[in-house]
Each structure stands twice: as structure tokens, then as C-alpha cells.
Amino acid sequence: MRPDFATGHLLLWLGLYPLVILPLDLPWLQALAMVGLLTLFLIATFKQQNRPHSPTPIIAPFLLFYLLFALIAYVLSPLPAMSLPRLMLLAGGVFGFYAVSAWLNSSFRLTLFLGGMALFGAALAVVGLFTMQWPERYVIDLRPLTNLLPHLSGDFSLNHNAMSGMLLILLPIALALAWQGVRYRGLFWLAAALMAFLLLLTQSRNAWLALLIGAAACFIWGRVRFIWVALLFATLALIPFPLNLWPQAIMARTQDQLSVIDTATKTGLPPPQSW
């Protein structure tokens, strides 16, 4: 992809994506912005076909599975009107990944960008240590440690679940840079250690599980034929459809059993009721 198109693509994405994610009472404008993002993505994909060293082909199957799971969740959602903005948010983010990866068309830009992301994650972890809203329910009781940390932001607190989601994205970047032995690798090991420590303090089981699955995917990539990985993901993607057809009595009993498992894996105050 020519650098001029890549730069224009990135700038247009930066201009259109806020229209999709901001709480605007203009659905027609958000729909047009989403169509624009999709059009840019298709044009960029077409132009990218002949690039021999594109950074996206390896990650592309995972992104497609990611969007597939999000689409299935939307189809099965009991509140589609509330789920649609989140689906648009996810899709726009994936389109943004392709825009950024196309713009990072040199190893220097790529290393500089990834290094900045890793150091931003370390800074975020340091800030989180003194501004976090610590979970009231926990898998491992680390309250003796968290009680020693001063809360320096007054009434403002960072949500531990939101923080775990950010760290889940940034931690692998720091680990990859440190593992590859780039310059200042010790700094990236330190950044990874800070993020891993705060991720432990968030007590987020979903983040821990996602990190474990990501590590497993990295381990098997290239060791197992992709067709078997694709079949596994396809099977997981199809599971919700027959489950959704079960009688309500069975579904209610299953939800009760899952609730017991959820409560058993965390101690502390009872979980808040959302419905």
C-alpha cells in the first residue's frame, strides 16, 4: 500500500471512528460513519493483497474469529438495541488495527510504536497502583497488600475490570519486545513485570483466562495445522446456537449451576445483580 494512501486511511479512520463510538443522538450519521469505515477497510484490503511483508496476514484469522464471535453474541443478544453499538465499536476497532498496521510500513516505525505502547502500559500500571478501585470479591486475598497502597486520586477511581482489559492488550507487547532482545530489553521486562503485577491485583478471571488462551495460541501457532485450529474455533462459535434452543427450564437450571461455580471461585461480598 502506498504511504500516501496509508496515511490518508489512518487519518480518515481517526476522523470517522469517534462518530461511531461517541454517544451521539444521530443514528444516521453513525451509520454513514460505519459504512465509511467498512468501505475504507475493503479498499485497503484490496490494495494490500500484493504487499509481500504485510504485518496483518498472521493476525487476520484471529481478528475474523473475533468479529465472528461478536456477531454471534449480537444475534443471540436479548437486547439487540444495546448490543449493536458495542458490535460497531468492535468492528471499528478492527478496521483501525488494519489502518494502523498499514501506516507502520517500516521496521523503525513499528518498533517505535510498539515500544511506546509497552511504556504506556507500564505508566498505566504505575498510575493504577494508586488510583484503582480494588475489587470487593477476590480469587486470591491480596487485601493485605492493596491496603498498603495509598489512594491518591480522591473520589476518582479506575475500574479494575477496565484496567485489566487495557493491560491484557499491552502486556503481550512488552513481553514480545523483551523476548526478542531489542534495545533496552531490560526496560521492557520491567514494563511487563509492572503490568503483570497489576493484572494480578485486578482479580479478573476473564483477563487471566484470556491471557492463558493467548499464550496457548502463540505456542500452537505453526505447530498445528491451521485447519484444525479453524475447526476448533468454528465449533466454539456454533455452540451457543443449540444451547439457545434448549427449554427454558434447562437453561434456568444451567444458569443456576454456573452461578454456583462463579460464586465458588471468588470470595468476599456477593456479586451485584444485573438482572
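The chain folds into 12 helices and 4 strands, in what is a predicted model. Of its 275 residues, 29% are buried. Contacts tend to reach far along the sequence: taking pairs at least 6 residues apart, 76% of the contacts join residues at least 24 apart.

Much of what follows turns on helix α7. Helix α7 covers residues 160-180, and a quick check on its length works out: 21 residues at 1.5 Å a residue should span 30 Å, and the end C-alpha atoms are indeed 30 Å apart. That agreement doesn't rule out a bend, though; α7 turns by about 30 degrees at Leu168, with a proline, Pro172, following within four residues. At the N-terminal end, the cap is Asn159, which places a side-chain oxygen 2.8 Å from the backbone nitrogen of Asn161. Past the other end comes Gly181, with a positive phi near 75 degrees.

A good part of α7 is tucked away from solvent. His160, Met163, Ser164, Leu167 and Leu170 are among its buried residues, as are Leu171, Ile173, Ala174, Leu177 and Ala178. Their cover includes three helices, α5 (107-131), α8 (185-202) and α9 (205-220), along with strands β1 (132-133) and β3 (158-159).

The nonpolar cores tell a matching story. The largest one holds 23 residues, and those with the most contacts inside it are Ala118, Met163, Leu167, Ala174, Met195 and Leu198. Helices α5, α7 and α8 are the elements that give two or more residues to this core, and α7 supplies the largest share, with 8 residues. Met163 shows how this looks from a single side chain's point of view: leaving aside neighbours within four places in sequence, Met163 is in contact with Leu124, Gly128, Met132, Leu158, Leu198 and Thr202. A second core, separate from that one, has 15 residues, including Leu10, Tyr17, Phe41 and Met88.

Aromatic pairs are next, and the count comes to 2. Trp13 and Tyr17 form a stacked pair, 4.9 Å centre to centre with 15 degrees between the planes. Both sit in helix α1 (residues 3-21), where their 4-residue separation is about one turn of the helix. Both are also buried. The other pair, Trp179 and Trp189, is edge-to-face, at 6.5 Å centre to centre and 65 degrees between the planes. That pair links distant parts of the chain, joining α7 (Trp179) to α8 (Trp189) across 10 residues of sequence. Trp179 has a relative accessible area of 70%, so Trp179 is classed as exposed. Trp189, at 35%, is partly exposed.

A few individual residues round things off. Thr131 belongs to helix α5 and, with a relative accessible area of 10%, is buried. The Thr131 side chain reaches back to the backbone oxygen of Val127 at 2.8 Å. Setting aside neighbours within four places in sequence, Thr131 is in contact with His151, Ser153, Phe156, Ser157 and Leu158. Leu158 thus turns up in the contact lists of both Thr131 and Met163.

Gln203 sits in the loop between α8 and α9. The backbone there is a bit unexpected on paper: Gln203 is not a glycine, yet its phi is positive, about 60 degrees. Gln203 also has just 2% relative accessibility, so this loop residue counts as buried.

Ser204 brings in another part of the chain. The C-alpha atoms of Ser204 and Tyr138 are separated by 8.4 Å, although the two residues are 66 apart along the chain. Tyr138 lies in strand β2 (residues 137-138). With 11% relative accessibility, Tyr138 falls under the 20% cut-off and therefore counts as buried.

Conventions
Residues numbered from 1 in each chain as written. Predicted model: local features only at pLDDT ≥ 70, side-chain atom pairs only at ≥ 80, totals over all residues. Heavy atoms only, no water. Expected span 1.5 Å × (residues − 1). Bend = angle between axes of the 7 residues up to and from the residue. Buried < 20%, exposed > 50% of the residue type's maximum accessible area, 1.4 Å probe, protein only. Contact = heavy atoms within 4.5 Å. Polar contact = N/O pair within 3.5 Å; in protein donor to acceptor, adjacent residues only side chain to side chain. Phe/Tyr/Trp six-rings, centres within 6.5 Å; stacked < 30°, edge-to-face > 60°. Core = buried A, V, L, I, M, F, W, Y, C linked by side-chain atoms within 4.5 Å.
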